[in-house]
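Hi everyone, thanks for coming. Let me put the structure up on the screen, and then I'll walk you through it piece by piece.

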Amino acid sequence: MYVLDSSAFINEYHTDERIATIPLVQEELEGEAAYRFDALEGSGMHLHIPEDNTVERIERAARETGDLEELSETDIRLVAAAFELDSPLVTDDYAMQNVAEKLDVRVEVIAREGITEQREWRFQCAGCGREFDENHDRCPVCGSSLSRKNPA
């Protein structure tokens, strides 16, 4: 079974495998992509609702990689669904791929190249230049804003 992100419906992803997604994906789709969702649901696509404790585990992993702020509720729940179903996640979203990689969830990309390495982002203060492992609203030292920084 493959777990489909909204980009799979938008880019007309096809597979002979069984497919699943979460109900929140439907809310992100418009036009032909929404019709594809409805058609696939009508032909047996599984709609999965992940457990709250799994969603919390995904959020912790996203916080550890520095991707939490980049992910929507739908993104987090899609990774959780793929984790629970032990299924590949079909997405082009780099932040989702990074978190999935941390959790050993296989990813299949659609229209773009996938990530080449898993990253644990750092956050750098625009004012004093200090770096932090976790994102904060403001730098705890000088109060300036933080930006996500490539750890490499």
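Let's begin with a term: a disulfide is a pair of cysteine sulfur atoms within 2.5 Å. Keep in mind that what you see is a predicted model. So how many disulfides does a search of the whole structure find? Zero.

Let's look at the cysteines, then. Take C128: its closest cysteine sulfur sits in C125, and the gap is 3.6 Å, which is too far for a bond. C139 also has C125 as the place of its closest cysteine sulfur, this time at 3.7 Å, and again that's too far for a bond. Are these two buried or exposed? C128 comes out as partly exposed, with 32% relative accessibility. C139, on the other hand, is buried, at 4%.

Okay, on to the sheets. One of them is an open sheet of five strands, and if you read across it the order is β3-β2-β1-β4-β5, with parallel pairing. Which strands stand at the edges? Those are β3, residues 46-47, and β5, residues 107-108; each has a single partner strand, so one side of each has no neighbour in the sheet. If you zoom in on β2 and β3, you'll find two bridges holding to the parallel sense. T21, for instance, has L47 in β3 as its bridge partner.

There's also an open sheet made of three strands, in the order β7-β6-β8, and here the pairing is antiparallel. The edge strands are β7 (131-132) and β8 (146-149), each with a single partner, so each has one side left without a neighbour in the sheet. Between β6, residues 122-125, and β7 there are two bridges in the antiparallel sense. Look for F123 there: its bridge partner in β7 is F132.

Now the helices, and I'd like to spend some time on α4. It has 14 residues and reaches 20 Å from first C-alpha to last, close to the 20 Å you'd expect at 1.5 Å a residue. Which of its residues are buried? They are T54, V55, I58, A61, A62 and T65. These cover an arc of only 120° around the axis, so they end up on the same side of α4. Here's a bit of background for that: an α-helix has 3.6 residues a turn, so residues three or four places apart point the same way. The buried residues of α4 pack against α5 and α6. Turn to the face that points away from the buried side and you'll meet D52 and N53, which are exposed. Just after α4 comes G66, with a positive phi of about 85°.

Next door in our tour is α5, residues 73-85. This helix has 13 residues and spans 18 Å from first C-alpha to last, close to the expected 18 Å. Its buried residues are T74, D75, I76, R77, L78, V79, A80, A81 and A82. What covers them? The list includes β1 (2-4), β2 (19-21), α2 (23-28), α4 (52-65), β4 (89-90) and α6 (94-102). After α5 you get D86, and its phi is positive too, near 50°.

That brings us to the cores. In soluble globular proteins, nonpolar side chains tend to be buried together. Here the largest nonpolar core has 33 residues, and L4, F9, L89 and V99 have the most contacts inside it. β1, α1, α3, α4, α5, β4 and α6 each supply at least two of its residues. And which element gives the largest share? That's α5, with six residues.

Let's click on F9. Setting aside neighbours within four places in sequence, F9 is in contact with L4, T21, V25, L29, A33, R36, F37, L40 and M45. There's also a second, separate core of five residues, and F123, F132, C139 and L146 are among them. You've met F123 and F132 already, as bridge partners.

One last stop: Y13. You'll find Y13 in the loop between α1 and β2. Is Y13 buried or exposed? Buried, with a relative accessible area of 15%. Not counting residues up to four places away in sequence, Y13 touches Y2, L4, A8, V90, E108 and I110.

That's my tour, so please jump in with questions.

Note on methods. Residues are numbered from 1 along each chain as its sequence is written. This is a predicted model: local features need pLDDT of at least 70, side-chain atom pairs count only at pLDDT 80 or more; totals for chains, interfaces and linings use all residues. Side-chain values use heavy atoms; hydrogens and water are left out. Helices (H or I, at least four residues) and strands (E, at least two) are DSSP runs, numbered from the N terminus. The expected span of a helix is 1.5 Å times one less than its number of residues. Buried means under 20% relative accessible area, exposed over 50%, partly exposed in between (1.4 Å probe, protein chains only). Contact means heavy atoms within 4.5 Å. A nonpolar core is a set of buried Ala, Val, Leu, Ile, Met, Phe, Trp, Tyr and Cys residues joined through side-chain atoms within 4.5 Å. The arc is that of the directions from the helix axis to the C-beta atoms. Two strands pair if DSSP finds at least two bridges between them.
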